[in-house]
Amino acid sequence: MQRQLKISDRFTATMAVVPPPSASDLRRCAILLDIDGTILDFAPSPSQVSVPDGLRPTLTRLEALTEGALALVSGRSIGDIDLIFSPLRLAAIGVHGAEMRAAGDAPVHTRAVPLSEDLKRALAKIADLAPGILVEDKGYSLALHYRQSPASEPSLLGVIGAVCAGFPHEAVEILPGKFVIDVKPVAVTKGEAVDALMQRPPFAGRRPFFIGDDLTDLSVFDIMPKFGGRAYSVGGIAADVDGQFETPEIVRSWLARIAAESLGAAE
């Protein structure tokens, strides 16, 4: 069984101002951040991303100011997240909700069954469709990146759908993103995992601020009202968010300003 998530009219051209939280807000809120396209700039391949100077110190300060209620929410595995941001380890949700860690020093809890090796092998062969298609095996999902072959998107979607149809007993979702298509278990989403994270300390009882940039983040945008939270998008605003950033660089500057101003207010 497969399900394909499609881009709809959720993205509009409207822009809203993004107000920074105050120092007192930070003591009562949680900060949830997507990674690629949100706080990190895209690179030709997932392995080529880099963490700009100043971002690790900013995240470290914000984690302290929120008493640990800062989490990275990504399609990447938590192991990959830790490698990118090393030596910093934060609370995290990985593989679109298949993995969760409530604190940097806590164990990783798995929340899904990995895709079968047969399905992953069949999907990996699709990389031969065109030069520049890259395969990323995340265990619980498999991603096909086509940033270096953007014209292949329509045929790539069709072939992925056909391959998944050949595995009717696998309950999977085809999840298009920015120059990437993920095949993942249908039962897990970023939003469902964030909902679970918000029930655990130090996140429980706090007001979340979430920033994301893609179709894969819509499920998190949708649950922010449940917690009285705020949702912000990057590079193209979603219909129900509270504001928009144009680029990851602007997001990083916004976070750095909050960290600096709140740190000063706390001293």
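In the predicted model, both F245 and W254 are buried. F209 is likewise buried, as is Y232, and ring pairs join F209, Y232, F245 and W254 into a cluster. The structure holds 6 aromatic pairs. One of them is formed by F209 and Y232, whose rings are stacked, with a centre-to-centre separation of 6.4 Å and an angle of 25° between the planes. This pair connects distant parts of the chain, since F209 belongs to strand β12 (residues 207-212) and Y232 to strand β13 (residues 230-234), the two residues being 23 residues apart. The rings of F245 and W254 also form an aromatic pair, here with an edge-to-face arrangement, for which the centres are 5.1 Å apart and the planes meet at 65°. The label edge-to-face applies because an angle over 60 degrees between the planes is counted in that class, whereas planes under 30 degrees apart count as stacked. A further arrangement involving an aromatic ring is found at F42, where R147 lies over the face of the ring at 4.3 Å from its centre.

The loop between α2 (55-65) and β4 (70-73) contains T66, a buried residue whose relative accessible area is 0%. Leaving out residues up to four places away in sequence, T66 touches L26, C29, I31 and R206. With L26, which lies 40 residues away along the chain, the separation of the C-alpha atoms is 5.4 Å. The side chain of T66 additionally reaches two backbone oxygens, that of L62 at 2.8 Å and that of E63 at 3.3 Å. E67 is placed in the loop between α2 and β4 as well, but E67 is exposed, with a relative accessible area of 55%. T66 is therefore classed as buried at 0%, and E67 as exposed at 55%, because the limits are under 20% for buried and over 50% for exposed. The backbone of E67 has a positive phi of about 55°, although the residue is not a glycine.

A positive phi is also found at F179, where the value is near 60° in a residue other than glycine. F179 lies in the loop between β10 (172-177) and β11 (180-185) and is partly exposed, its relative accessible area being 32%. As a general point, most residues other than glycine have a negative phi, and most peptide bonds are trans. With regard to the peptide bonds, the one from S86 to P87 is cis, with omega near 10°, and P87 is located in the loop between α3 (78-85) and β5 (91-94). The peptide bond from P201 to P202 is cis too, with omega near 5°, and P202 is part of the loop between α6 (190-197) and β12.

Helix α3 is mostly covered, in that 6 of its 8 residues are buried. These buried residues are I78, D80, I81, D82, I84 and F85, and the elements against which the buried residues of α3 pack are α2, β4, β5, β6 (99-101) and β8. Strand β8 (residues 134-137) contains E136, which is in contact with D80 and also with P46, S141, L142, A143 and H145, when neighbours within four places in sequence are left aside. E136 is buried yet has no salt bridge, and the nearest side chain of opposite charge, that of K138, is 4.3 Å away. The absence of a salt bridge to K138 follows from the distance criterion, because the side-chain nitrogen would have to be within 4 Å of a carboxyl oxygen. The side chain of E136 does, however, make a polar contact with the side chain of H145, at 2.7 Å.

A further buried position with a polar side-chain contact is S45, in the loop between β3 (29-33) and α2. The relative accessibility of S45 is 10%, so this residue counts as buried. Its side chain makes a polar contact with the side chain of Q48 at 2.9 Å, and, not counting residues up to four places away in sequence, S45 touches L134 and Q148.

Terms used. Residues numbered from 1 in each chain as written. Predicted model: local features only at pLDDT ≥ 70, side-chain atom pairs only at ≥ 80, totals over all residues. Heavy atoms only, no water. Phe/Tyr/Trp six-rings, centres within 6.5 Å; stacked < 30°, edge-to-face > 60°. Helix = DSSP H or I, 4+ residues; strand = E, 2+ residues; numbered from the N terminus. Buried < 20%, exposed > 50% of the residue type's maximum accessible area, 1.4 Å probe, protein only. Lys NZ or Arg CZ within 6 Å of the ring centre and 35° of its normal. Contact = heavy atoms within 4.5 Å. Polar contact = N/O pair within 3.5 Å; in protein donor to acceptor, adjacent residues only side chain to side chain. Lys, Arg positive; Asp, Glu negative; His and termini not counted.
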